[in-house]
Amino acid sequence: MFATLSDRLTSTFKNLRTKGRLSEADIDATVREIRRALLDADVAVPVVRQFTGAIRERALSAEVSQALNPAQQVVKIVNEELVSILGGQTRTLNLAKNPPTVILLAGLQGAGKTTLAGKLALHLKGQGHTPILVAADLQRPNAVTQLQVVGERAGVPVFAPHPGNQGADDVLPQGADPVAVARQGVETATARQHDVVIVDTAGRLGIDAELMRQAADIRDATNPDEVLFVIDAMIGQDAVTTAQAFLDGVGFTGVVLSKLDGDARGGAALSVASVTGRPILYASTGEKLTDFEVFHPDRMAGRILDMGDVLTLIEQAERAFDQDQAEKMAGKLAAGEDFTLADFLEQMQQLKKMGSMKKMLGMMPGMGQMREALENFDEREVDRIEAIVRSMTPGERDNPKIINGSRRARIARGSGTTPTDVNQLLERFDGAQKMMKQMARNGGGMPGFGNLP
Ligand code: GDP
């Protein structure tokens, strides 16, 4: 996510770190480098101009700070300006006073609307809402089926055109009218007391008048509380023109950045909020339904400047976290019982529930500098650990000290690994066990991030 831009900006700041005081020439050189980094990342020219202008002015007039050195002061200014072009405050979803809340998704074909519909539905369901999806994309032959698949995976119902309008779309009526389908979808949602309706609309490969008219008709027929414009972060400079065309043709209340998992000069997407004056509400970061985040301008700026995004990391941990299990574990440790391999396995599985390790590690501060190591991180490591522990007998799990050469060979064979892998796991487990003992002595508190291996 914005890896290139992030690398360029952080290396600019690194050059400043050796300076005791910044002259006007230093500031100008820095601003020039920032400008080049932003332009190379496809950030729109007017946005770059405004951004660098503000930074130069603020850096020149910056008061000498006791707390921050000049380099830190520049980082602070860049961070604040970045937060500002990303929209400033986090904007939450506008919920209707009288449910259902109607959310219309608009954007080009392939932008990621259908996928997003499922992600958003799953997210809202997790917050206690009862969303329903409406398939008003009747342009693409597979769009309705695709939405149904996504709905099934998210565990939410889908309203699709069908004689009787109940279920499968295998008999899509010829010439079904997407405006009528959208209207019926909202009516059905009201009747069935769903509190959120997400309407998926058709996209085209390019901007065209017909597409805009249809989306505007659906908008008028459904009176949405939110029109979310979904934009593929990888389309480069076209993002701004496309956004402007949708703003003029349909209008939208918020933006969703999709495919932020690809690096490809996502800077254009960074311009969208600033150019259209509409906030970014969500980010889509992969093909899985859980690859979805609420967009926080400040946290995103932090990630771009390689300051990490510990808050998002913690939230994801909380979501995956099983309170009962944690309490059981804490009680066990407090009672002086040992942390066993079975516990270790349970913890690994909890970690896995948080999603991709690579993504999680990428949110740690300073990880930008370890990008290469991160790229090489093998997601299958957790599976390997799991396989090894599963190949042990209960006795071995409780007391790994009994694992001798022949047991080790048997475990390696059973788990499709090598005896060295088994050894490595046992060493790591030994370290984890020591750490757990120490935590139990400290009264069960989590060690600081600094203690993490
Ligand atoms: P739509 O035409 O706007 O409905 O777009 P789709 O939801 O069908 O998405 C188009 C393609 O992009 C599909 O292959 C999706 O799996 C993929 N896709 C959607 N969102 C993301 C994302 O955040 N990251 C990645 N890598 N792929 C995505």
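**A tour from the sheet edge to the ligand**

Start by selecting strand 7 (residues 280-284) together with strand 8: these two run antiparallel and are paired through three bridges. Strands pair if DSSP finds at least two bridges between them; strands (E, at least two residues) and helices (H or I, at least four residues) are DSSP runs, numbered from the N terminus. The model is predicted: local features need pLDDT of at least 70, side-chain atom pairs count only at pLDDT 80 or more, and totals for chains, interfaces and linings use all residues. Residue numbers start from 1 along each chain as its sequence is written.

Within this pair, pick Ala283, which stands opposite Glu293 of strand 8.

Now show the whole sheet. It is open, has eight strands in the order 3-2-4-1-5-6-7-8, and its pairing is mixed. Strand 3 (158-159) and strand 8 (292-294) are at the edges with a single partner strand each, so one side of each has no neighbour in the sheet.

Next, select residues 279-292, which UniProt lists, in an unreviewed entry, as "domain: SRP54-type proteins GTP-binding"; such annotations may be inferred rather than shown by experiment. This stretch is 0% helix and 43% strand, with its end C-alpha atoms 17 Å apart.

Finally, go to the ligand. Of the 18 residues around it (C-beta atom, placed from the backbone, within 6 Å), those that come nearest are Gly112, Lys113, Thr114, Thr115 and Ser284. Select helix 5 (residues 113-126), which gives the most to this shell, three residues.
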